[in-house]
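Trainee: Got a minute to go through this one with me? I'd like to start with the cysteines.

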Amino acid sequence: MRYEELGGTGVFAVAPMIDWTDRHCRYFHRQMSAHARLFTEMVVADAAIHGPRARLLEFDAMEHPVVLQLGGSDPAKLAEAARIGAGFGYDEINLNVGCPSDRVQSGAFGACLMLQPALVGACVAAMKGAVAVPVTVKCRIGVDDQDPEPALDALADAVFDAGADGLWVHARKAWLQGLSPKENREIPPLDYGRVQRLKVRLPDRFIGINGGIGQVAAAKPLLDGLDGVMLGRAAYQNPADLLTVDPLLFGKPAPSSSLAEVVGKMADYAGAHVAAGGKLSHVTRHMLGLFNGLPGARQWRQILSERSVRPDAGPELLFEAMAGVELAAA
């Protein structure tokens with residue numbers, strides 16, 4: 001599925017976030033938007049090839065359109081990992097050229113690849129040769145002392161010359177030394193103008209933007225001139241806002257009419273997960289922010305966080321927690 005086939009005014013995506021956007025999180029988000037493009041956590045190419053593939057890569061059919069993000073810098077390994085991912089049914093394969101963590105740097109991939117655009121191009125070309133689904137890249141505007149003007153242009157030219165179908169740009173530099181991953185999401189200043197200038201230079205290429213976007217409503221104006229908008233932490237911490245994605249951006253009703261309906265659907269899903277031997281907390285940990293800003297939000301979080309970890313916790317806990325929300329709102 002190519003980006004333009006989604007319809008609407010552009011592409012809206014929920015960013016890949018390590019430890020957050022696992023299959024349970026993506027299923028949860030899908031109950032609120034049928035059209036959002038959902039990304040996996042980053043999966044290292046070696047893990048996709050040699051690790052527990054079913055645990056790492058399986059997903060529910062309801063998650064479509066869903067994107068597998070890979071990390072790595074070896075073209076042959078990335079091609080094999082992309083082939084494996086396509087075999088699992090992912091709609092797109094994305095290469096991580098933006099993560100600044102120490103673990104990623106020690107593996108010579110992620111944001112440090114901004115310094116090696118030719119290598120990134122070789123990785124994209126190998127992945128494109130291995131799969132029929134779109135291959136995209138997610139990057140920063142530069143790293144460390146790079147000038148974002150030539151640095152981003154060089155990276156973009158390399159990946160598009162190699163056949164990339166799109167480029168998602170986190171509109172901040174990454175500082176590989178001196179800042180933690182959390183600080184790298186907050187301290188380097190945002191530069192939306194740099195991403196917009198890239199789109200002006202490459203009008204026929206898909207350019208999406210990420211970074212510092214606090215709500216779905218803020219995505220709409222950014223789609224005037226850009227092809228896609230990606231929310232990260234805001235989508236995770238205030239997931240109820242995703243109910244506005246389909247009406248606001250695609251002119252279609254959300255798949256759930258209320259937060260209560262979302263909870264009911266997730267109770268069914270959590271029940272199946274528990275029956276298969278999983279833990280309720282695997283699912284509910286992603287739902288703690290569902291009622292943020294509403295009466296009863298604290299009770300909701302407290303009940304789920306404290307009691308979902310119990311060995312006998314079942315899906316009925318979701319309804320018990322929601323009863324506290326309803327009582328507070330009465």
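Trainee: So why is Cys139 not bonded to the closest cysteine sulfur?

Mentor: The closest cysteine sulfur belongs to Cys112, and at 13 Å from the sulfur of Cys139 it is too far for a bond. A disulfide here is a pair of cysteine sulfur atoms within 2.5 Å. Keep in mind that this is a predicted model, where local features need pLDDT of at least 70, side-chain atom pairs count only at pLDDT 80 or more, and totals for chains, interfaces and linings use all residues. Residues are numbered from 1 along each chain as its sequence is written, and side-chain values use heavy atoms, with hydrogens and water left out.

Trainee: How many disulfides does the structure hold?

Mentor: Zero. Cys25 is in no disulfide either, and its nearest cysteine sulfur, that of Cys99, is 17 Å away.

Trainee: Is Cys25 buried or exposed? And Cys139?

Mentor: Cys25 has a relative accessible area of 0%, so it is buried. Cys139 is buried too, at 1%. The cut-offs are under 20% relative accessible area for buried, over 50% for exposed and partly exposed in between, with a 1.4 Å probe and protein chains only.

Trainee: Okay, new topic. Where does Val67 sit?

Mentor: Val67 is in strand S3, which covers residues 66-71. Strands (E, at least two residues) and helices (H or I, at least four) are DSSP runs, numbered from the N terminus. Val67 also counts as buried, with 0% relative accessibility.

Trainee: What is Val67 in contact with, leaving aside neighbours within four places in sequence?

Mentor: Its partners include Arg37, Leu38, Phe39 and Thr40, and also Tyr90, Glu92, Ile93 and Asn94. Contact means heavy atoms within 4.5 Å. As for Val135, that residue is 68 positions from Val67 in sequence, with a C-alpha to C-alpha distance of 9.5 Å.

Trainee: Zooming out, how many helices and strands does the protein have?

Mentor: There are 16 helices and eight strands. The radius of gyration is 20 Å, close to the 20 Å that the globule rule gives for 330 residues, so the protein is as compact as a globular protein of that length. That radius is taken over C-alpha atoms, and the rule is 2.2 Å times the number of residues to the power 0.38.

Trainee: And what share of the residues is buried?

Mentor: Of the 330 residues, 54% count as buried. Along the principal axes, the C-alpha trace spans about 55 × 45 × 40 Å.
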